[in-house]
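Subject: Structure handover

Hello,

Here is the structure I promised to pass on. Please open it and keep it beside you while you read my notes.

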Amino acid sequence: MALSISREVRQRVDRLDLPFNAIGVDPYGISKVHLRRALTILGAAYRHYFTVETLGAEHIPAQGRAMLVGNHSGGIALDAAMVVVSCLLECNPPRLAQGMAEKFLGDIPFLGEWSSRTGQLPGLPENAARLLEDDRLLLVFPEGARGTAKLYRQRYSLVHFGSGFVRLALKTKTPVIPFAVLGAGEAFPTVANSYKLGKVLGVPYVPLVAYGLPALLPAKIEIEYAPPLHFEGTGNEDDTIVLGHVDKVKAAILSMVTAGAMRRRGTAPKSSVRGEP
């Protein structure tokens, strides 16, 4: 199993349409070696531990800029990691989703280096704009740390969305692809967050689980991508217009999350179950 996913990841990393130099490093500092190592581990978890089911990967363009916008949950950024893997393993040709990492990661030597070497850049607007202008695939979670801070009982809800991603999409003429992730909240069922401990450690908060040890449970994870949304404008529109676009994206994500939650609870009507006509 490990050998097969290792071979698949290596082949797909080699197929990425990125300008790697002779030693396998691109202009952003992304390293083929780091990608292969990290995504082999995450790929094994994707295939054999969480048995991730991905639908709608065909909505992600084979090339060119696009913005993946989705929901957060689960105490840690497990959902982001699984989305990155899904873009590599499920898209044809494979693509590398690059997100805006929380700034505190840069202060953690090991995590900071691996984050940047695998394409996850510090969460600055100029980094996001540069990625899109270079026709990359940008991964955005408008809920931010508030999203991962959701408790287990809130895992199928959405909290406040920032509006910066819409202004950026308008400015760079980028299609927005809404997506939903379900199961991260079950894999890491947070029952409380310690903000005091987080302040001591230099992080937003420390998630606490009922069973004590911060271990990931083998919950089934589902990822669903919706058709792209195209918004016309320059990015300088009035807030009312921008917030209207934000609401459309949020509604698309909430629709998938709600349907998925009903399906996972076994309460979805037959006609709304995925795969049914």
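Helices and strands here are DSSP runs, numbered from the N terminus. A helix run has at least four residues, and a strand run at least two. Please also bear in mind that this is a predicted model.

**Loops and backbone**

Start at P93. P93 lies in the loop between α3 (78-90) and β3. The peptide bond that joins N92 and P93 is cis, with omega at about 5 degrees.

Next, look at T51. Its phi is positive, near 40 degrees, and T51 is not a glycine. You will find T51 in the loop between α2 (32-49) and β1 (53-55). The relative accessible area of T51 is 37%, so T51 counts as partly exposed.

V203 sits in another loop, the one between α9 and β8. With a relative accessible area of 21%, V203 is partly exposed. Buried means under 20%, so V203 does not count as buried. Now find Q11. Its C-alpha atom is separated from that of V203 by 36 Å, and the two residues are 192 apart along the chain.

**Two helices, α5 and α7**

Helix α5 covers residues 125-133. Which of its residues are buried? They are N127, A128, A129, L131 and L132. An α-helix has 3.6 residues a turn, so residues three or four places apart point the same way. Keep that in mind as you turn the model.

What do the buried residues of α5 pack against? Four strands are on the list: β2 (66-70), β3 (97-101), β4 (121-122) and β5 (137-140). Helix α7 (164-172) is on it too. After α5 comes D135, with a positive phi near 60 degrees.

Move on to α7. Its buried residues are F165, V166, L168, A169, L170 and T172. These pack against β2, α5, β5, β6 and α10 (239-265). So α5 and α7 each appear among the other's packing partners.

K173 comes just after α7 and takes a positive phi of about 55 degrees. K173 belongs to the loop between α7 and β6. Is K173 buried or exposed? It counts as exposed, because its relative accessibility is 55% and the cut-off is over 50%.

**Rings**

The count comes to 4 aromatic pairs. One of them is F179 with Y225. Their centres are 5.8 Å apart, with 50 degrees between the planes, and the pair is tilted. F179 lies in strand β6 (residues 176-182) and Y225 in strand β9 (residues 222-225), so the pair ties together parts that are 46 residues apart in sequence. Both F179 and Y225 are buried.

Another pair is Y195 with Y205. Here the ring centres are 5.9 Å apart and the planes are at 55 degrees, so this pair is tilted. Y195 is in helix α9 (residues 195-201), while Y205 is in the loop between α9 and β8 (206-209), 10 residues apart. Y205 is buried, because its relative accessible area is 9% and the cut-off is under 20%.

There is also a cluster. Ring pairs link F141, F179 and Y225 into it.

Two charges sit over rings. R130 lies over the face of Y28, at 4.0 Å from the ring centre. The charged end of R155 is over the ring of Y152, 3.8 Å from its centre.

**A cavity and a pocket**

How many cavities of 30 Å³ or more are there? The count comes to 1. The largest cavity holds about 40 Å³ of space. Y152 and R155 turn up again in its lining. Other lining residues include S73, G74, G75, K150 and F188. By class, the lining has 4 nonpolar, 5 polar and 2 charged residues.

The second largest pocket has a volume of about 260 Å³. It is lined by 17 residues, and the closest to its centre are D17, L18, R95, D135 and R136. You met D135 earlier, following α5. The lining of this pocket divides into 10 nonpolar, 2 polar and 5 charged residues.

Best wishes

Terms used. Residues are numbered from 1 along each chain as its sequence is written. This is a predicted model: local features need pLDDT of at least 70, side-chain atom pairs count only at pLDDT 80 or more; totals for chains, interfaces and linings use all residues. Side-chain values use heavy atoms; hydrogens and water are left out. Buried means under 20% relative accessible area, exposed over 50%, partly exposed in between (1.4 Å probe, protein chains only). Contact means heavy atoms within 4.5 Å. Rings of Phe, Tyr and Trp (its six-membered ring) pair if their centres lie within 6.5 Å; planes under 30 degrees apart count as stacked, over 60 as edge-to-face and the rest as tilted. A charge sits over a ring if NZ of Lys or CZ of Arg is within 6 Å of the ring centre and within 35 degrees of the ring normal. On a 1 Å grid over the protein atoms alone, a cavity is a set of points where a 1.4 Å probe fits but cannot get out, and a pocket is an open set with protein on both sides within 12 Å along at least five of seven lines; lining residues have an atom within 4 Å of a point. Grid points are joined across faces, edges and corners, and a volume is the space filled by probe spheres set on the points. Ala, Val, Leu, Ile, Met, Phe, Trp, Tyr, Cys and Pro count as nonpolar, Asp, Glu, Lys and Arg as charged, and the others, Gly among them, as polar.
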